[in-house]
Structures are given as C-alpha cells and as structure tokens.
Amino acid sequence: MSSHTKSFKVPFWAQIIAGLLLGVLLGWLARDQDLSWLTTTLEKVGDTFIGLLKLAVAPLVFFAILVSITNLRKVNNAARLASRTLLWFMITSLIAVSIGLVIGLLTNPGAGTGLTPKDGAKPEDTGSWIDFLTGIIPTDVITPFTELNVLQIVFMAAVAGIAALQLGEKAQPILTLSESVLSLLQKALWWVIRLAPIGTVGLIGNAIATYGWDLIGKYATFTADIYVGCLIVLFGVYPTLLATVAKVNPVQFFRGAWPAIQLAFVSRSSVGTMPLTQKVTERLGVPKEYASFAVPFGATTKMDGCAAIYPAIAAIFVAQIFDIQLGVGDYLLIAFVSVVGSAATAGLTGATVMLTLTLSTLGLPMEGVGLLLAIDPILDMIRTATNVAGQALIPVLVSARENLLDRTAYATADGSSLDEPLDEPRDRTEPVTATA
C-alpha cells in the first residue's frame, strides 16, 4: 500500500452534502421541539467556522493581492490580460443586473408582503459614493486589519505590489517572503476548509432553527427572485459564455469548479473560498501566473450575486414597500452602480454595503435595509455561490480567448482531486504570453 494514502475516504462534495442534510434535520428538530440548547450549539459551530475563515481574511487578501500584482511580471502583455479581465467582469455584471431588473419588474417582490416602512430600520453603517471613495484610503496601516476593512487592505496591497514592481530586484527579498507567507496562510486555511462539512451543519441548522420557514414565507417572492436570478446566471448565462466565447464544455467547468461553488454556498465568503477558487481555476487549465492575479482580483471585485442581481431586485422591493415609483433613469443608475461599484462588497459575508450604496444613489430610504437583514443569511448562500462561480469563470474565458487555456487540463479537471491539500500546480518554463 502506498504511503501516500488519502486521509479522507469520503469525497469532499459528499461531506458537504451530508453536512447540509444533517444541518437541515437538526435545525428542524431544534425549532420543532423548541430545543434552545441545540439552537445555541448550532449557532456556535457556525460562528466558529466563519470566525476561523475571517481570521485569515485580512493577511490573505493583503499578500494575495500583493503577490498577484507582482506575478504579472511573469506574463507577457500583462496589461492586456488585466484589461480583458476587467472588461469581462463588467460585461457579466451588466448581464446579471439586467436579469435582476427584469425579474424584479415582472414579479413585484414588494407587493403583498404585509411589510410597511415601519418594519424597517436604518443600518448602523451606510454606503455612499463619497464614503466609498474616501474609505478606500486608510488613515493608518493597522486599523484596516483590526477592523477588517478589505477595500483599504486591497489598496495598501496594490500600492505595495506596484512599488515592488518598480523596485525590481531590490524588492525580491520582500516578494520571496510574501510568497512564503501566502503559502503558509493558504495551508492553514485549507485546514479550515476541511472543517466546512461541520461548519455547514451549524450554519444551515442555525438558519432553519432561528428563522424556520415562516420568514421565507413572508419574503417568498423576494427570496424566489434572488434564487431564480442567481440560478439563471449560474446555469444559464455562464454555460452560454463558456460554450460560445471560450468554446469549451460547460459541464466540465462545473465538474472542476464545483468544490469551490459548494464551499462558497455554505461559508458565504468569497475571500474565505479564494484559495480553493484559485486551485480549481488552475486545474481547469488557467495558467498559474494569470490565475494568481485574476482570482484574488475577482474575489474582491467580481460579485454578480451580491452586487448585481441582489441590489437590483432589492431596490425594486424597497421602492414598492415605501410606495416610491422608479423610472427608466433609476434603473440605469442601478445598472451603473452594479457595474462600477461592485468593489464595495469586497468579498465579505453579506452585501449590505452594496445595497446601501444603491439605495443612497437612488435616494431611497435607508430604512429599507432593515427590512432585508433578517432574510439576508438565506439569500447570501446562493449569492456567494454565484459570485465564486463567476470568479472562476472569467479567467477561463480570458485564457481561452487569448489562447492560454490548457484545454487538456480543462477536459480532465475533476473536483475529487481537491480532497488533497492545496498544492503547487504544474510549473511553466516559459512566460505566459497573451496573443495579440
């Protein structure tokens, strides 16, 4: 028998599904039998898992962005790849927000809910364009890490990465250290990811024990709108782009990317899923040098679920509750905010900042945010899964368009191989070159 025997006999995806089913069962039992101790236990298990993910977020984002920017020096025509990546981010966001608007206008999610403006409450923190723009620049180097301000961390990492590129060989010791620290963080986070099945039991169980089905009933149309919108993007728009733009098999994409999509669904954190997203992206044939830039960039800015579908439908919902008529100009503003302001979500659990940014741009009451906070954890699962799928999709699209995609690796990518710890993918002896 080989000494390299796998530690886990049950596939990772099966562990997640088992955790999901067990969480639903325990959550229903806790609510039906009024078992407060079980509800508390499920809450603690879920909170501990999310806490472990968040513990790594700040340093992971900083070093991932720093290293990803410096890795662009290994890619010929790096500016072209970066611009194409950003362009496809914007295109897919525009498609997603358009779908959200159409669904919202067809279903009237705020009608018949029984909710009134009095049921809402202003959030403690609200977003505006001034807050967003001024909030990017930190006042010191410590606070962004202690308060987990991801946008400010991204800003500092980007500045450090660009400075390192300018310094050249003088910055090599720092780059070597940064790559080592990033590898260490990813290894530690892998251990946390292995706990995802247990975390799933707590997160799903607590959601059902706390909210039950009554809350979903009151927000039935709104909840269905978000899920339908995300599923259309996830299993309609993305496969269409893969088949027509990248000219690859869409089913194979989901076969390779599914472990990251699953983890995103239960963890509700794009940043926490980022190491796994990068791994599945590389195993789908995207060059490591490009994936190490595109995936961290996407994990903090590419949010089709949280920043496109959700705020579009939520804005229509809030406007209907407060009996405010939206016009064509308002819908165009929603699209603009979704395409340009998606970085405000910054890959953290929840999309409150993006929603407040949208509402403030439209001049809608901030109390509308309070109407949606209770249902948010249930919505955030499908939003984050959509986000992460998009974060893996764009590098595949761009790589395929630029003739960089390893189509053999893509055709053979299998999620079951992700039962092994995060490892180093194939090495390249030549720099990655984008075609003209």
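Q: In this predicted model, with which residues is Leu-397 in contact, leaving aside its neighbours within four places in sequence?
A: The model is a predicted one. Once the neighbours within four places in sequence are set aside, five partners of Leu-397 can be named by their heavy atoms within 4.5 Å. They are Trp-88, Leu-241, Leu-242, Val-245 and Ala-246.

Q: Which residues touch the most other members of the largest nonpolar core, and which helix gives the most to this core?
A: The largest nonpolar core has 125 residues, and those that touch the most other members are Phe-222, Phe-253, Leu-372 and Leu-397. With 15 residues, the element that gives the most to this core spans residues 36-71, namely helix α2.

Q: How many residues are in the other core that lies apart from the largest one?
A: Another core lies apart from the largest one, and among its residues are Ala-307, Val-337, Met-354 and Leu-357. These four are part of a set whose count is 6 residues.

Q: What share of the residues of the protein counts as buried?
A: The secondary structure comes to 19 helices and 2 strands. The protein has 436 residues, and the share of them that counts as buried is 56%.

Q: Among contacts between residues at least 6 apart in sequence, what share joins residues at least 24 apart?
A: The contacts considered are those between residues at least 6 apart in sequence. Within that set, the share that joins residues at least 24 apart is 85%.

Q: What share of the accessible surface belongs to carbon and sulfur atoms?
A: The accessible surface of the protein comes to about 18,400 Å². The part that belongs to carbon and sulfur atoms is 64%.

Q: Which helix gives the most to the nonpolar patch made by Trp-13, Ile-17, Leu-21, Leu-231, Phe-235 and Trp-258?
A: These residues make a nonpolar surface patch of about 590 Å². Helices α1 (12-32) and α10 (220-246) each supply at least two residues of the patch. The one that gives the most, with 3 residues, is α1.

Q: Is Trp-13 buried, partly exposed or exposed?
A: Trp-13 is found in helix α1. Its relative accessible area is 46%, which lies between the 20% and 50% limits, so Trp-13 is partly exposed.

Q: How many residues apart in sequence are the parts that the pair of Phe-89 and Phe-297 ties together?
A: The structure holds 10 aromatic pairs. One of them is formed by Phe-89 and Phe-297, tilted, with 5.5 Å centre to centre and 35° between the planes. Because Phe-89 lies in helix α3 (residues 78-107) and Phe-297 in helix α13 (residues 288-301), the parts tied together are 208 residues apart.

Q: Which class of exposure, buried or partly exposed, applies to Phe-297?
A: Phe-89 is buried, with a relative accessible area of 6%. For Phe-297 the relative accessibility is 22%, and the limit for buried is under 20%, so Phe-297 counts as partly exposed.

Q: Which residues do ring pairs link into a cluster?
A: A cluster arises where ring pairs link several residues. The residues linked in this way are Tyr-219, Phe-222, Tyr-310 and Phe-317.

Q: Where is the place of Asp-323?
A: Most residues other than glycine have a negative phi. Asp-323 has a positive phi, near 55°, and it is exposed, with a relative accessible area of 63%. Its place is in the loop between α14 (305-321) and α15 (328-340).

Q: What is the phi of Asn-108 near?
A: Asn-108 has its place in the loop between α3 and α4 (129-135). At 37% relative accessibility, Asn-108 counts as partly exposed. Its phi is positive although the residue is not glycine, and is near 50°.

Q: How many residues apart in sequence are the parts tied together by the pair of Asp-380 and Arg-268?
A: The side chains of Asp-380 and Arg-268 meet in a salt bridge of 3.3 Å, N to O. Asp-380 is buried at 0% relative accessible area, and Arg-268 is buried at 16%. Since Asp-380 lies in helix α18 (residues 376-401) and Arg-268 in the loop between α11 (250-267) and α12 (270-283), the parts are 112 residues apart.

Q: Which residues are linked in a network of salt bridges?
A: Arg-383 meets Asp-376 in a salt bridge of 3.1 Å and Asp-380 in a salt bridge of 2.7 Å. Asp-380 and Arg-383 both lie in helix α18, 3 residues apart. The network links Arg-268, Asp-376, Asp-380 and Arg-383.

How values were computed. Residues numbered from 1 in each chain as written. Predicted model: local features only at pLDDT ≥ 70, side-chain atom pairs only at ≥ 80, totals over all residues. Heavy atoms only, no water. Core = buried A, V, L, I, M, F, W, Y, C linked by side-chain atoms within 4.5 Å. Buried < 20%, exposed > 50% of the residue type's maximum accessible area, 1.4 Å probe, protein only. Helix = DSSP H or I, 4+ residues; strand = E, 2+ residues; numbered from the N terminus. Patch = residues over 30% accessible without salt bridge, like charges linked within 9 Å, V, L, I, M, F, W, Y side chains within 5 Å. Areas by Shrake-Rupley, 256 points an atom, 1.4 Å probe, with all protein chains shown as cover. Salt bridge = Lys/Arg side-chain N within 4 Å of Asp/Glu carboxyl O. Phe/Tyr/Trp six-rings, centres within 6.5 Å; stacked < 30°, edge-to-face > 60°.
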